[in-house]
Every structure is written in structure tokens, then in C-alpha cells.
Amino acid sequence: MVVGNWYAHGVTASKADHAAYIGTNLKAVYARIARAAALAGRPADEIGLVAVSKTFPAADVLAAYQAGQRAFGESYVQEAIAKIETLSGLTEPIEWHFIGPIQSNKTRAIAECFAWVHGVDRLKIAERLSQQRPTSLPPLQLCLQVNVSGESTKAGVIPEEAGALARLVVRLPNVRLRGLMCIPEPTEDVALQRLAFSRLRQLMREIDAQGIGLDTLSMGMTDDLDAAVAEGATLVRVGRAIFGERK
Ligand SMILES: *Cc1c(COP(=O)(O)O)cnc(C)c1O
């Protein structure tokens, strides 16, 4: 019994330490956003943070939630749904963002369980999400993923076609087009990071000028969020800086 108690005590202490670690990291990310916003002359409160919890357990999401975080991002449908169910009883509900690649056979689950979808790059996917969104829920909020670096990753609509896609998606009934999203090619060169993000900002301005009301630029992750905020990000998606390295 004594051994058992020692063991249980050890587990409890390390869980509390880990929750404190996540809380501290979360504060540091908000401070980083605030500093980048101040440097850009922007109010920090126009930049939202999606805490990317993919691969991390529900306990880690709960730790961030208890530190005040409400928006979380997930990339894998099965894994996400398990967490969404585990965490469904909270007094203030979590706002779940789907940020992964979208397969057509997963659109129903996504339409039923998430508030936002960031990676829409085809009309067919947007149509399915709209058809399958339960009308008892508010419209599903969408961002179109744009391939701003035009390289290796195939995901994302090419910039030249983003406007045409936006004009079609904006007409769908149970979704609400909010803006654009990108995952640029990783680089440590801050000037190159900014160039990619500035392309997305300019593209949003062009599409907006066609009378499609967009207000969201979903861009910036752990390694490039400062550049994204400098270029106008309104939602940054950050995982490792909050939860630690993924295995
Ligand atoms: C994993 C992921 C993130 C978070 O990346 P970090 O480097 O952990 O901050 C953001 N956006 C998308 C689309 C992702 O897949």
C-alpha cells in the first residue's frame, strides 16, 4: 500500500507539473503575439489563437482550457472526435477548428463536430460540408487554403483560382466563408516568411474588393507566428510552443 501511495502521489505531482508547463507556455505564446502585434502597430486583441492539440491527449487540452484557452485545432478526425466527446461537458464549450487535410468520406463527421474548417481547397468539399452541416448548428465557418509558396505541398488552391472558388463557396447555405489560410514552405528566413504571408494578405484584399466579405487570415505557427502577425494574421495556429514537441 505504501508503494501504491507513493506511486499515486508521484503521478499526481507530475500531472500538475505538466498542466503548469502548458499554462506557462500558453501565457508565453500570448505574450509573443502581443509583442509582434505591438511591433506592427496592431491591437493584440484582433489576433486569435488556435491551440493546435493534434497528437496530444485530452488531459493536455483540459490543462490549456483551465488556463483560459477556448479555441483548439485538430488535424485527424478520429482522434479529434474522441477528444471532443471526452471534453463535451465543460461549462464554456470549446471551439473546435479542423485544420487537417479533408477527405470526402470524413466531411460528415467534420460538419457535425467542428465550428471552423481551415483547409478547404475544392468546391466539392465545401458543398459536402454545407449539405452535411446540421441546420440546428450555426453555419460552419470556413477558410480557403491557398498554396502561396507553389511548391512541394499539393494542398491549397493556387492563388489565381482562389477568387473564383470564393465566389462559389460564399453562395453555399450552411457555411460561412470567413477568409484564407496558408501553410507556407518552412524557412528560417523571416523576410521569406513575411513574403508568403503578405501574398495571402494581398489576395484576401483583392477577393474582398470583389464584394465578398472576408475578415480572417489564418496564418502563422510556432516557427513563424511573429512574421504572420506582422503581415496581418487574425488567427494563428500554434501547437508545439504550447504543448511541446510532437512524437
Ligand atoms: C500542426 C499544425 C499547426 C501547428 O504547428 P506547430 O508547428 O506545432 O505550431 C498549425 N497549422 C496546421 C495546419 C497544422 O497542421
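## Ligand pocket

In this predicted model, the ligand occupies the space that forms the largest pocket. The shell around the ligand comprises 13 residues, of which K54, T222, G239, R240 and R246 come nearest. By class, the residues of this shell divide into 6 nonpolar, 3 polar and 4 charged.

## Polar contacts and coverage of the ligand

Two side chains place polar atoms beside ligand oxygen atoms. In K54, an N or O atom of the side chain is 2.7 Å from an oxygen atom of the ligand. In T222, a polar side-chain atom lies 2.5 Å from a ligand oxygen. The backbone also takes part: an N or O atom of the main chain of G239 lies 2.9 Å from an oxygen atom of the ligand. On its own, the ligand has 380 Å² of accessible area, and the protein covers 92% of that area.

## Cysteines and disulfides

The structure holds 0 disulfides. A disulfide is a covalent bond between the sulfur atoms of two cysteines, and the criterion applied here is a pair of cysteine sulfur atoms within 2.5 Å.

Why does C113 form no such bond? The closest cysteine sulfur to that of C113 belongs to C143 and is 19 Å away, which is too far for a bond. C113 counts as partly exposed, because its relative accessibility is 26%.

For C143, the closest cysteine sulfur is in C182, at 11 Å, and this separation is likewise too far for a bond. C143 has a relative accessibility of 0% and therefore counts as buried.

How values were computed: Residues are numbered from 1 along each chain as its sequence is written. This is a predicted model: local features need pLDDT of at least 70, side-chain atom pairs count only at pLDDT 80 or more; totals for chains, interfaces and linings use all residues. Side-chain values use heavy atoms; hydrogens and water are left out. A residue is near a molecule or strand if one of its heavy atoms lies within 4 Å of it. A polar contact is a pair of N or O atoms within 3.5 Å; within protein, one must be able to donate a hydrogen and the other to accept it, and residues adjacent in sequence count only if both atoms are side-chain atoms. Accessible areas come from the Shrake-Rupley method with a 1.4 Å probe; for residues, only the protein chains shown count as cover. On a 1 Å grid over the protein atoms alone, a cavity is a set of points where a 1.4 Å probe fits but cannot get out, and a pocket is an open set with protein on both sides within 12 Å along at least five of seven lines; lining residues have an atom within 4 Å of a point. A molecule sits in a cavity or pocket if more than half of its atoms lie within 2 Å of its grid points. Ala, Val, Leu, Ile, Met, Phe, Trp, Tyr, Cys and Pro count as nonpolar, Asp, Glu, Lys and Arg as charged, and the others, Gly among them, as polar. Buried means under 20% relative accessible area, exposed over 50%, partly exposed in between (1.4 Å probe, protein chains only).
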